Amino acid sequence: MPKPPLTLYLAAPRGFCAGVDRAIKIVEMALTKWGAPVYVRHEIVHNKFVVDGLRDKGAVFVESLDDCPDDRPVIFSAHGVPKAVPAKAEARQMIYVDATCPLVSKVHIEAQRHAEAGLQIVMIGHTGHPETIGTMGQLPEGEVLLVETVDDVAHVAPRDPARLAFVTQTTLSVDDTIDIVAALQARFPAIVGPHKEDICYATTNRQEAVKAMAPRCDAMLVVGAPNSSNSRRLVEVGTRAGCPYAQLVQRAADIDWRSLDGIASIGITAGASAPEVLIDEVVDAFRDRYDVTVEMVETAVENVEFKVPRVLRMPA
């Protein structure tokens with residue numbers, strides 16, 4: 001029986017960004033330099049396949065520095081950590097490597113600079129997300145006020161409405177953030193923003209590719225983890241951009257084929273922490289069931305690369 005035809009739109013850019021690539025490389029280089037085990041505080045990036053692969057090589061993932069021995073190296077995840085964490089590691093004379101994405105570190109530096117200028121910070125971000133916890137933890141409690149939605153802006157109670165600045169989590173929906181910033185500026189006309197927006201290039205590029213792809217697709221799949229903020233935003237962006245069905249899947253085995261019954265086109269993209277091997281796996285699953293024609297939807301070309309910390313480039 002012949003396979004039904006299917007146009008498969010493949011978003012570009014998709015998958016790994018420079019910050020994720022660097023973080024994974026840091027764990028691998030640490031294992032080469034110091035041997036196993038190397039401890040990692042929190043998942044290095046939000047992807048089970050990546051984390052399991054590093055665990056197999058000798059990485060031990062923990063949620064607290066208290067779970068790490070003093071005599072083994074510890075790596076801080078790409079999402080960033082509160083300032084108290086490296087301070088505690090130093091007090092215990094631990095070897096530590098900070099894998100915080102440089103674009104997240106940029107937000108940390110901005111927050112610090114605003115605080116030194118006497119401004120209280122409003123952070124646009126998601127409650128409980130490691131990046132939000134890390135950024136808010138750069139300053140004393142009460143110095144950073146969190147908002148998640150436009151509605152939250154009405155309830156912000158700053159010390160001095162004329163002495164405010166805002167920063168954002170790097171993995172948010174570009175469109176949602178624009179609306180929240182507009183609400184903040186309407187309520188606090190003197191609020192100071194970043195010189196360059198905090199949402200990272202990779203988040204923006206992946207959302208733009210989805211916007212271009214979504215109107216052409218009967219359905220769209222985002223390869224990524226359920227705890228990956230940027231992956232979940234891609235699903236939302238796809239739906240808003242006109243795709244009738246958008247779903248997050250971790251792997252090909254998670255695809256709900258019944259929901260895709262009768263489709264003639266599918267869009268595939270991936271969050272910034274999903275490796276290309278998982279995207280290939282999903283594409284192959286469609287090739288098994290359909291006569292697939294692949295069309296690339298490219299909206300940007302990425303050539304960003306971040307150096308690993310100097311301690312890993314030095315001999316042991």
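In the predicted model, Trp257, Phe286 and Tyr290 are linked by ring pairs into a cluster, and the structure as a whole holds three aromatic pairs. One of these is formed by Trp257 and Phe286, whose rings meet edge-to-face with a centre-to-centre distance of 4.8 Å and an angle of 65° between the planes. This pair joins distant parts of the chain, since Trp257 belongs to the loop between strand 10 and strand 11 whereas Phe286 lies in helix 10 (residues 276-289), 29 residues apart. With a relative accessibility of 21%, Trp257 counts as partly exposed, while Phe286, at 0%, counts as buried. Trp257 is also approached by a charged side chain, as Arg289 lies over the face of Trp257 at 3.9 Å from the ring centre.

The strands that flank the Trp257 loop, strand 10 and strand 11, both belong to an open sheet of five strands, which are arranged in the order 10-9-11-1-12 with parallel pairing. The edges are occupied by strand 10 (246-249) and strand 12 (291-298), each of which has a single partner strand, so that one side of each is left without a neighbour in the sheet. From one strand to the next, the twist averages 25°.

Within this sheet, strand 9 (residues 219-223) runs parallel to strand 10 and is joined to strand 10 by four bridges, with Val249 in strand 10 serving as the bridge partner of Val223. Together with helix 9 (residues 229-240), strand 9 and strand 10 make a right-handed β-α-β unit. Four bridges likewise pair strand 1 (residues 5-12) with strand 11 (residues 265-270) in the parallel sense, and Thr7 has Ser265 of strand 11 as its bridge partner.

Terms used
Residues numbered from 1 in each chain as written. Predicted model: local features only at pLDDT ≥ 70, side-chain atom pairs only at ≥ 80, totals over all residues. Heavy atoms only, no water. Pairing = 2+ DSSP bridges. Helix = DSSP H or I, 4+ residues; strand = E, 2+ residues; numbered from the N terminus. Axes fitted to C-alpha atoms, helices over the stretch in contact; angles between N-to-C directions. Right-handed = clockwise from strand over helix to strand, strands pointing away. Phe/Tyr/Trp six-rings, centres within 6.5 Å; stacked < 30°, edge-to-face > 60°. Buried < 20%, exposed > 50% of the residue type's maximum accessible area, 1.4 Å probe, protein only. Lys NZ or Arg CZ within 6 Å of the ring centre and 35° of its normal.
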